[in-house]
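Visitor: I am new to this model and would like a close look at the surroundings of its ligand. Please take the other features afterwards, at an unhurried pace.

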Amino acid sequence: MAQENAVLPDALCWHEFSWDGPECQSFPGTVHMDKSLRSEGYSTFSVIISPGETSKTVATISHLWGEFLAPGMERRSTVVALGGGVVGDLAGFAAATYMRGIPWVNVPTSLVAMADASLGGKTGADLPQGKNLVGAFHAPKMVLTDPSTLRTLPRAEMVSGIAEVIKAGIIGDPELYKACTQGWERIEADWDEIIPRAMSVKIEIIEADPFEEGIRAVLNLGHTIGHAVERLSNYQLRHGEAVAIGMVAEARLAEKIGIAQHGLANEIKDACTRLGLPAEVPAEMNLEEIQEMIKVDKKRSSAKVKYALPVRIGEVRPGYEVSDIEAILNGGFDMSIILVLHGPNLNLLGQREPEVYGNLTLDELDSRLKEASEQLGLEVRTFQSNGEGALIDALHEAQEWASGVVFNPGGYTHTSVALRDAVASIGLPVIEVHLSHVDAREDFRRRSLISPVCVGKISGFGWRSYLLALRELAWQIKGEV
Ligand code: DQA
């Protein structure tokens with residue numbers, strides 16, 4: 001400590017703690033720091049502030065300016081912030097504004113401050129109208145973290161703080177994320193690795209974009225919805241708890257708009273709940289309230305609400321405007337169901353002219369499609385019949401539950417007016433598929449009665465004709481052009 005601070009001519013230490021009367025000197029952290037700085041020849045004194053967000057006011061800042069002046073702090077003096085995020089914000093802002101700015105050093109002692117709040121140079125205070133409405137970018141000369149200080153942290157604070165570590169993993173460090181999925185024992189055995197990794201993710205981003213002009217917005221992952229639920233809970237939810245809820249909800253949005261694979265939100269939810277974080281929007285909050293609260297924030301910034309959304313673990317992209325956020329509630333959105341319909345003789349796949357139709361059996365083909373459908377965020381239901389009537393019935397019934405149909409009408413392609421009429425009447429997007437390249441075969445196969453009433457036709461790629469059709473339907477359903 002003393003060596004690290006060797007450049008400091010004077011130092012002011014303060015710490016946030018439960019104020020119940022004792023003098024600040026009785027607080028071991030402050031005493032320890034005072035002592036080590038004094039033994040190196042610095043003159044120090046401490047100021048203590050009451051814990052919690054309620055202290056983050058302009059009144060506290062003004063009080064601090066007074067405390068700085070009294071013992072004669074001048075432009076060469078340095079402020080040392082010893083405490084959690086609130087202390088860092090206040091100390092940094094007081095340092096940023098005292099005598100037009102003096103240096104400061106941040107010694108975060110909470111997990112959320114170590115992993116997130118201490119980095120990036122944001123300092124400030126709240127106004128009665130809202131959080132962080134006044135402040136300045138004023139980077140500390142040094143951030144000094146000592147994981148052993150976490151031993152004194154209340155459990156609930158620790159759990160809340162780990163949300164920012166999970167967030168760092170999702171943004172840019174899959175290994176860190178993986179460590180978080182392995183439970184508290186693994187995490188607590190490795191603070192010396194975990195905290196620097198979480199810090200590195202943020203440092204890399206803030207170095208690339210110090211004033212939040214672009215990529216830095218990825219750090220807002222989980223915060224657009226998280227802030228809304230945090231405020232709606234009247235701050236009964238801790239910041240990290242709200243961020244966990246927000247990350248899961250925003251991953252659901254990413255799935256819904258098709259930039260993330262189905263399953264990502266549940267994966268993040270499992271990681272959060274395993275560490276004791278909540279992951280669902282509290283039952284007493286409804287979608288309208290959340291939307292309203294997000295809009296309040298939007299009005300304040302006079303900009304459109306833009307989400308930073310996860311694409312996969314290790315990649316988050318900023319700048320998504322999502323108008324329909326219904327998917328965030330009730331465990332997600334209903335998956336679109338696609339009917340894959342096979343016509344006559346396709347039950348013989350595998351044994352039927354393999355040189356034309358390949359070696360795959362119908363069961364194998366169907367299970368490949370089901371596998372692929374999960375990644376596309378679709379549910380696939382398959383049906384085969386040799387009978388024209390059964391195929392027509394299947395198309396009619398699909399109107400009730402399907403969002404689209406992938407249809408190989410087999411030999412009926414070339415002959416069936418009745419199937420053509422069924423496709424035309426159900427009002428669902430239908431893609432005609434064929435395993436073989438029908439247009440390069442006999443003349444009669446070039447004629448399709450079905451094609452004109454389908455949204456498109458794919459043929460000649462074996463079982464992958466079906467896969468291509470599924471992909472296309474997934475894009476169409478998600479509204480991608
Ligand atoms: C087929 C092509 C049709 O011409 C033929 O009658 C079939 C299979 C195909 O998938 O290539 O049964 O639809």
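By class, how many nonpolar, polar and charged residues does the shell around the ligand have?

Guide: The shell around the ligand has three nonpolar, six polar and two charged residues, where Ala, Val, Leu, Ile, Met, Phe, Trp, Tyr, Cys and Pro count as nonpolar, Asp, Glu, Lys and Arg as charged, and the others, Gly among them, as polar. This is a predicted model, in which local features need pLDDT of at least 70 and side-chain atom pairs count only at pLDDT 80 or more, while totals for chains, interfaces and linings use all residues. Residues are numbered from 1 along each chain as its sequence is written, and side-chain values use heavy atoms, with hydrogens and water left out.

The residues around the ligand (those with a heavy atom within 4 Å of it) are Arg352, Tyr357, Asn408, Gly410, Gly411, His414, His434, Leu435, Ser436, Val438 and Arg445. Among them, Asn408 has a side-chain N or O atom 2.8 Å from an oxygen atom of the ligand, and a polar side-chain atom of His414 is likewise 2.8 Å from a ligand oxygen. For His434, an N or O atom of the side chain lies 2.8 Å from an oxygen atom of the ligand. On its own the ligand has 320 Å² of accessible area (Shrake-Rupley method, 1.4 Å probe), and the protein covers 97% of that.

Turning to the aromatic rings, a search of the whole structure finds two pairs, a pair being rings of Phe, Tyr or Trp (its six-membered ring) with centres within 6.5 Å, stacked if the planes are under 30 degrees apart, edge-to-face if over 60, and tilted otherwise. In one of them, the ring centres of Phe68 and Tyr98 are 5.1 Å apart and the planes stand at 90 degrees, so this pair is edge-to-face. The partners come from distant parts of the chain, 30 residues apart, with Phe68 in helix α2 (residues 58–69) and Tyr98 in the loop between α3 (85–97) and β4 (104–108); helices (H or I, at least four residues) and strands (E, at least two) are DSSP runs, numbered from the N terminus. Both Phe68 and Tyr98 are buried, a word for under 20% relative accessible area, with exposed for over 50% and partly exposed for what lies in between (1.4 Å probe, protein chains only).

Phe137 and Phe211 also form an edge-to-face pair, at 5.4 Å centre to centre and with 85 degrees between the planes. Because Phe137 lies in strand β6 (residues 130–137) and Phe211 in the loop between α8 (191–208) and α9 (223–232), this pair ties together parts that are 74 residues apart in sequence. Phe137 has 40% relative accessibility and therefore counts as partly exposed.

In the loop between α8 and α9 one also finds Glu212, a residue other than glycine whose phi is positive, near 60 degrees. With a relative accessible area of 33%, Glu212 is partly exposed. Asn234, in the loop between α9 and α10 (239–256), has a positive phi near 55 degrees and is again not a glycine. At 60% relative accessibility, Asn234 counts as exposed.

Rings meet charges as well: the charged end of Arg368 sits over the ring of Trp463, 5.1 Å from its centre, and Arg381 lies over the face of Trp401, 4.7 Å from the ring centre. Here a charge sits over a ring if NZ of Lys or CZ of Arg is within 6 Å of the ring centre and within 35 degrees of the ring normal.

Technical notes
A polar contact is a pair of N or O atoms within 3.5 Å; within protein, one must be able to donate a hydrogen and the other to accept it, and residues adjacent in sequence count only if both atoms are side-chain atoms.
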